[in-house]
Amino acid sequence: MLTIDPAGPGWRFTGNELRYLTEVLDNGFSAGADGSMVERVEALFAETMGLSYAIGFNSGTSTLHAAMVALGVGPGDEVIVPALSPGMCGFTPLHAGGRAVVVDVDRDTFLMDPADVEHRITDRTRVIMPVHLYGQVCDMDALMAIAARHGLKVLEDCAQCYLGTDPKGRIGGTIGDAGSWSFENSKHLSCGEGGIIGCDDAALAESIRKVGGLGFRNLTAASGKVRVDRDKLQDPAWARHDRIGYNYRLGGLPAAVALAQIERMRAFIDLRIAMGESFRRALAGSALLRPQATPEGAVNSHYTFAARFDGLDHGIAWQDFRKTFMSQGGDGIYAAWMPIHKEPAFRDTALAGARCPVTEWLQTRLMQFTTNQRDAAERDAQVDALIATLRHFGDTV
Ligand SMILES: Cc1ncc(COP(=O)(O)O)c(C=O)c1O
């Protein structure tokens, strides 16, 4: 009997992962009595999020691309994305034949600034893509109001935000037209590589599924497997594709791991929140590090713990702080990605000349601390290292 060592690096995969993987192979990749593994993932995810439809994908980038195509983004169309987000958020509008327009972020929440969104809308804007960075939901009330005023669609990128909620208690990803999540390995839940997208609109769900599922015409909003009369299916006159599509499907083996992970979603998120809150408590009164501001009543699901390093104003180098933290037993500190418009990949696009002053300033200061510790002992070690580092640099925490 195969097992995974709960004290080893695979500790996150000690639920039903092996059992479901075996089921997929035992069934020869055919659906078992409970349906296919992908269908089970989609059903459980939709139920957990309170969405009508969920569609499994092979990444949280392909979800965004397929959704943009399904939402009608095409040549000349603009998609508004925050400048402070990973390159994928800039690539996907290009993949759809449109282009990304970057907007600035708020200096305290680090999230898309609705006032700047309003400024950058043109008659070619089709979609606003809020990115719920670090586990925190953007100001969706303001963004939805802007979208309604201008007749735009809203695609929420929740790759980093599982069960984060806004001050009204709404789960990120369930507020706009569609919400997209990633199962890449650093995320709250992982199957190595994978993604899922959800929405409440049947026509949109069917369209997203077809774009990601090779355009097979028998696909529906609810299912990737529709039984077709064999006499029809095997007839030379059977036409299969009613639109152009990509093969972005989630495979049975990653779906098996994803299903086991979704079953334990709450527990994984609570671990990250516990680490984030411990860091936040440790920083009370710090002059050097200012945590991502979370509005009253909102829940930050802490994909990572993000903070602005104001030590630069006190003559402390970002790299020195990181080195000291690590020498005290801290995990690494990640910097924020380059602002999208500064990435070399976009040098020949319209993005190259963009200006987002808050993002450009913030990006040189942001520090992202890991939140994937497995227990209180590991969390305490990180907090102790942070406090020792702050004191080393004269902070009065
Ligand atoms: C905010 C954001 N959007 C999109 C993605 C893309 O997800 P994936 O790596 O699954 O393609 C990521 C993940 O790295 C992300 O952090």
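**A tour of two helix pairs and a ligand site**

Start by selecting helix α11 (residues 318-327) together with helix α13 (residues 376-392); the two pack at an angle of about 130 degrees, and their axes are 8 Å apart. Keep in mind as you look around that this is a predicted model. An angle between 115 and 145 degrees falls outside the roughly perpendicular and roughly antiparallel ranges, and α11 and α13 are therefore oblique to each other. Their crossing is right-handed.

Next, show the side chains where these helices meet. On α11, pick F321, T324 and F325. On α13, the partners to display are Q382, A385, L386, T389, L390 and H392. Try colouring this contact by residue class: you will find 5 nonpolar and 4 polar residues, and no charged ones.

Now move to the ligand. Which of the 14 residues around it come nearest? They are G60, T61, D157, S182 and K187, so named here for you to select together.

Three of these stops are worth a close look. At G60, a polar backbone atom is 2.8 Å from an oxygen atom of the ligand. Turn to D157, where an N or O atom of the side chain is 2.6 Å from a ligand nitrogen atom. Then go to K187: an N or O atom in its side chain lies 2.8 Å from an oxygen atom of the ligand.

For the last stop, select helix α3 (residues 62-70) and helix α4 (residues 87-95). These helices pack at an angle of about 40 degrees, with 9 Å between their axes. That angle makes α3 oblique to α4, and the crossing of the pair is right-handed.

Which residues make this contact? Display L64, H65 and M68 on α3, then T92, P93 and H95 on α4. Coloured by class, the contact of α3 with α4 shows 3 nonpolar residues, 3 polar residues and no charged ones.

Notes:
Residues are numbered from 1 along each chain as its sequence is written. This is a predicted model: local features need pLDDT of at least 70, side-chain atom pairs count only at pLDDT 80 or more; totals for chains, interfaces and linings use all residues. Side-chain values use heavy atoms; hydrogens and water are left out. Axes are lines fitted to C-alpha atoms, for helices over the stretch in contact, and angles run from 0 to 180 degrees between N-to-C directions. Helices (H or I, at least four residues) and strands (E, at least two) are DSSP runs, numbered from the N terminus. Angles under 35 degrees count as roughly parallel, over 145 as roughly antiparallel, 65 to 115 as roughly perpendicular and the rest as oblique. A crossing is left-handed if the near helix is turned anticlockwise from the far one by less than a right angle, and right-handed if clockwise. Contact means heavy atoms within 4.5 Å. Ala, Val, Leu, Ile, Met, Phe, Trp, Tyr, Cys and Pro count as nonpolar, Asp, Glu, Lys and Arg as charged, and the others, Gly among them, as polar. A residue is near a molecule or strand if one of its heavy atoms lies within 4 Å of it. A polar contact is a pair of N or O atoms within 3.5 Å; within protein, one must be able to donate a hydrogen and the other to accept it, and residues adjacent in sequence count only if both atoms are side-chain atoms.
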